[in-house]
Number of protein chains: 2
Amino acid sequence: MTQSPPAVDAADRYDPRAFHDALVAHKLIYPSGVKGGYGRGEVFEHVLQCFDALFMRTGDAVDAKPMMFPPIVARELIEKMGYLGNFPQLIGSVHSFFGTDAAAREMAAKAAAGQRWEDMLGITEVMLLPAACYPVYPLFSGLLPEGGRIVTVMGWCYRHEPSDEPTRMQSFRMRELVRVGAPEVVQQWRDDWLERGMSMFRSLGLPVHSEVANDPFFGKTGRFLAESQREMCLKFEIVVPVVSLEKPTAICSFNWHQEHFTGKFGIRQADGTAAHTACLGLGLERSVLALFKTHGMDPDGWPYEVRTELRL
Amino acid sequence: MTQSPPAVDAADRYDPRAFHDALVAHKLIYPSGVKGGYGRGEVFEHVLQCFDALFMRTGDAVDAKPMMFPPIVARELIEKMGYLGNFPQLIGSVHSFFGTDAAAREMAAKAAAGQRWEDMLGITEVMLLPAACYPVYPLFSGLLPEGGRIVTVMGWCYRHEPSDEPTRMQSFRMRELVRVGAPEVVQQWRDDWLERGMSMFRSLGLPVHSEVANDPFFGKTGRFLAESQREMCLKFEIVVPVVSLEKPTAICSFNWHQEHFTGKFGIRQADGTAAHTACLGLGLERSVLALFKTHGMDPDGWPYEVRTELRL
């Protein structure tokens with residue numbers, strides 16, 4: 001006795017709340033009391049690992065040198081990157097307790113009494129990692145080998161944007177490829193990957209398209225920076241409808257940094273001339289959420305081609 | 001022309017600085033400017049994944065339900081856990097920027113001038129996860145299924161203990177098994193795993209032993225809590241010499257929480273009676289560091305049995 005699903009309009013189909021509740025009902029995610037900080041269930045995680053493995057079998061990701069960094073990063077690096085000026089609203093600064101026994105008792109007593117206690121903390125040497133590739137650039141300082149480098153990292157990133165909308169997370173995993181080398185090689189690499197990324201997502205049956213994009217620069221100056229970034233086509237994104245048809249979700253970005261990082265860290269080509277960097281940033285959770293949105297909450301029922309492609 | 005290595009005494013063999021430098025020289029780790037926040041290289045990471053997979057093939061880890069949580073956790077949960085009172089020196093509190101455009105410019109200008117800027121931040125709803133299992137307990141609230149539950153998590157943990165000593169990290173991965181159920185079942189499970197864990201490490205050729213242990217409770221009250229914990233044998237650790245022969249490094253702990261968590265979160269057995277929890281916490285990086293220390297910096301040269309066991 002199969003029945004056609006009831007007719008729904010596009011607004012209902014893309015209701016963020018309904019999507020969230022369906023993910024919870026299927027134990028794909030577990031609410032944790034933190035907006036954008038939910039736990040991931042067994043099936044969600046399995047799909048994520050399969051998807052990441054598919055990406056790592058694609059193009060020159062196979063040849064990229066893997067590195068792994070923790071979710072914390074040197075405070076000095078964030079300062080040097082100019083992150084405070086560009087994205088102050090997104091930072092995560094880590095503070096800890098440096099006090100005496102008596103102070104600790106006072107702090108715990110405040111907390112127990114429901115009072116705020118954080119004024120008793122001091123700053124640590126670390127902040128939360130906002131982008132998986134940041135720790136890579138300082139390691140390239142100096143002359144590059146002939147042909148440059150390609151590295152891959154997968155890291156937990158923090159962005160302070162609490163939201164009930166499942167694709168907007170405070171903490172998420174980003175798979176990145178980082179290419180550093182001759183300017184023309186790096187730009188071509190970025191453009192090739194945009195095509196390759198589109199093909200990969202299409203092979204998974206996702207209704208993606210690509211567009212020129214900008215980073216979420218803060219404030220008035222930020223608007224100018226964003227416009228300039230778009231005019232120069234420094235950033236492209238692959239987007240797909242997940243929680244909205246009109247405002248599709250970015251699942252992968254392709255960023256040509258020109259000399260932004262190589263200048264800061266003194267990275268030059270083997271012959272001493274200026275090097276460029278570009279990176280590809282793949283939102284692992286967002287890609288997985290797009291798969292669940294597009295193909296349904298049970299991967300056993302996904303199209304054969306999609307399951308095969310993912311080796312699910 | 002092979003030569004015998006020069007004779008070294010035990011103090012030299014366990015020099016933390018020399019071990020650190022050897023790890024760096026072999027690109028097993030990458031310095032990041034953060035004490036205890038280094039990057040992990042390709043070979044280190046491969047061994048870590050193989051080791052984790054070995055553990056997950058062992059005993060009832062196979063049957064444990066996997067969950068995945070981000071490295072952040074609700075501030076309220078840390079407060080409720082009593083963590084501020086017990087381990088204030090280890091906490092990581094996440095602070096961010098909530099201000100205006102003008103305030104952001106002021107903050108960035110301070111940073112650019114080498115002044116401190118963190119007084120312009122406010123607290124977020126999150127802290128850093130100090131133990132991988134913490135987010136699991138709230139999910140168990142209410143009546144357990146018959147036989148209780150077993151769950152596994154692997155998460156990035158933060159502890160504010162900056163150190164140049166490679167086994168003392170601010171950020172590291174912990175694989176945990178969490179068992180919740182009848183008191184006698186849970187205690188037996190903990191004891192069985194202590195034996196099973198010892199066998200696993202011995203199969204990897206590590207000179208481990210086990211001992212009664214305590215958590216690093218803070219201050220004067222902490223010393224009392226630690227003594228009490230030891231007297232009741234609530235915590236065991238498996239330790240192995242890595243940076244010191246006299247003070248071996250804990251690589252796995254076995255913790256019987258009794259009603260500490262089930263009381264806080266209203267977790268009861270299927271028949272409504274009191275439930276207990278226990279957990280096994282496996283330090284993934286520390287275990288890997290122990291393998292490199294014991295068998296050498298090149299896994300290709302490790303004993304055949306060790307490589308086979310790890311499926312390297």
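The following exchange concerns the fold of chain A and its relation to chain B in a predicted model.

Colleague: What is the radius of gyration of chain A, and what would a compact globule have?

Modeller: The C-alpha atoms of chain A, which is built with 11 helices and 14 strands, fill a box of roughly 65 × 60 × 35 Å along the principal axes. For 312 residues a compact globule would have a radius of gyration near 20 Å, and the value for chain A agrees with this, being 21 Å.

Colleague: Which percentage of the residues in chain A is buried?

Modeller: Buried here means under 20% relative accessible area. The accessible surface of chain A comes to about 13,100 Å², with 52% of that belonging to carbon and sulfur atoms. By that cut-off, the buried part of the 312 residues in chain A is 56%.

Colleague: How far apart are the mean positions of the positive and negative charges of chain A?

Modeller: Chain A carries 32 positive and 38 negative charges. When the mean position is taken for each of the two sets, the separation between them is 2 Å.

Colleague: Which C-alpha of chain B is nearest the axis that relates the two copies?

Modeller: A turn of 180° with a shift of 0.0 Å along the axis lays chain B on chain A with an RMSD of 0.0 Å. The two copies are therefore related as by a two-fold rotation axis. In chain B, the C-alpha nearest that axis lies 2.5 Å from it and belongs to V94(B).

Colleague: What percentage of the contact residues of chain B recur in chain A?

Modeller: Contact is counted for heavy atoms within 4.5 Å. On that basis the same surface serves both copies, and the share of chain B contact residues that recur in chain A is 100%.

Definitions and conventions: Residues are numbered from 1 along each chain as its sequence is written. Chains are lettered from A and ligands numbered from 1 in the order in which they are written. This is a predicted model: local features need pLDDT of at least 70, side-chain atom pairs count only at pLDDT 80 or more; totals for chains, interfaces and linings use all residues. Side-chain values use heavy atoms; hydrogens and water are left out. Helices (H or I, at least four residues) and strands (E, at least two) are DSSP runs, numbered from the N terminus. The radius of gyration is taken over C-alpha atoms; the globule rule is 2.2 Å times the number of residues to the power 0.38. Buried means under 20% relative accessible area, exposed over 50%, partly exposed in between (1.4 Å probe, protein chains only). Accessible areas come from the Shrake-Rupley method with a 1.4 Å probe; for residues, only the protein chains shown count as cover. Lys and Arg count as positive and Asp and Glu as negative; His and the chain ends are not counted. The place of a charge is taken as NZ of Lys, CZ of Arg, CG of Asp or CD of Glu. Copies are superposed by least squares on the C-alpha atoms of residues with pLDDT of at least 70 in both.
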